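Dear colleague,

Please find below the structure that I am handing over to you, together with its sequence. My findings follow directly after it.

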Amino acid sequence: MGFFSRFLPKRKPVEIKNNVPKEKENIKTTFAVYCHKNHNTSGEALCPKCTALLATIMIKMSRCPYGITKPICDRCDRPCFGAKQTKEFLEIMNSSQKHMLLSHPIMTVKHKLASMGVDYAKYQQQKKSDDKAKAKEKSAKERKEKKGKKK
Ligand SMILES: [Zn+2]
């Protein structure tokens, strides 16, 4: 709890949300922003390189092993675009962040919240396993103490 929990909605019964269309839109927009700025393109058209990379990503996203509840790609533990494409993808996503915030503030903030949500889920998972380890340690210690008292 604490910092991250402020940004998360209150706990509701499990609800499966399809995050893919929104994320696809976000990635497409980010690519457009990046390509327009760095490769002198405009409007719907992207340069061939960005078009190819974007197409690969869209296909891979539709086949994401996590399904529709997938985490967002730039926070994924095992991105499936391939090493080179993932690197290029992250470069585009990261370098366009500032620009995206100016041109598409709401979309960017939503994306930011989603990535914080992923970080938070990871944090909770880690905490859970840490707690388990601690509880194990504690009970082992208590058992030891009991044994000691018996003697
Ligand atoms: Zn481009």
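How far apart should the ends of helix 3 be, given its 13 residues at 1.5 Å a residue? The expected span is 18 Å, and the end C-alpha atoms of helix 3 are indeed 18 Å apart, so expectation and model agree. Please bear in mind that this is a predicted model.

Overall architecture

The chain contains five helices and zero strands, which gives the pattern α-α-α-α-α when read along the sequence. Of its 151 residues, 15% count as buried. Among the contacts between residues at least 6 apart in sequence, 68% join residues that are at least 24 apart.

The two sides of helix 3

Helix 3 comprises residues 83-95. Its buried residues are Phe89, Ile92 and Met93. These three cover an arc of only 95 degrees around the axis, and they therefore lie on the same side of helix 3. The cover over these buried residues includes helix 1 and helix 2, the latter formed by residues 48-62. On the face of helix 3 that is turned away from the buried side, one finds the exposed residues Ala83, Lys84, Lys87, Glu91 and Asn94.

Helix 1 against helix 3

How do helix 1 and helix 3 lie with respect to each other, parallel or perpendicular? The axis of helix 1, which spans residues 20-38, comes within 9 Å of the axis of helix 3, and the two cross at roughly 80 degrees. Because angles of 65 to 115 degrees count as roughly perpendicular, the two helices are roughly perpendicular to each other. Helix 1 contributes Thr30, Phe31 and Tyr34 to the contact, while helix 3 contributes Ile92, Met93 and Ser95. By character, the residues of this contact divide into four nonpolar, two polar and no charged. Two of the residues named here, Ile92 and Met93, also belong to the buried residues of helix 3.

Lysine 22

Helix 1 also holds lysine 22. Is this residue buried, exposed or partly exposed? Lysine 22 has 15 other C-beta atoms within 10 Å; a residue with 20 or more would be buried and one with 12 or fewer exposed, so lysine 22 is partly exposed. Its C-alpha atom is separated by 9.0 Å from that of methionine 107, although the two residues are 85 apart along the chain.

With kind regards

Conventions
Residues are numbered from 1 along each chain as its sequence is written. This is a predicted model: local features need pLDDT of at least 70, side-chain atom pairs count only at pLDDT 80 or more; totals for chains, interfaces and linings use all residues. Axes are lines fitted to C-alpha atoms, for helices over the stretch in contact, and angles run from 0 to 180 degrees between N-to-C directions. Helices (H or I, at least four residues) and strands (E, at least two) are DSSP runs, numbered from the N terminus. Angles under 35 degrees count as roughly parallel, over 145 as roughly antiparallel, 65 to 115 as roughly perpendicular and the rest as oblique. Two residues are in contact if their C-beta atoms, placed from the backbone, lie within 7 Å. Ala, Val, Leu, Ile, Met, Phe, Trp, Tyr, Cys and Pro count as nonpolar, Asp, Glu, Lys and Arg as charged, and the others, Gly among them, as polar. The expected span of a helix is 1.5 Å times one less than its number of residues. The arc is that of the directions from the helix axis to the C-beta atoms.
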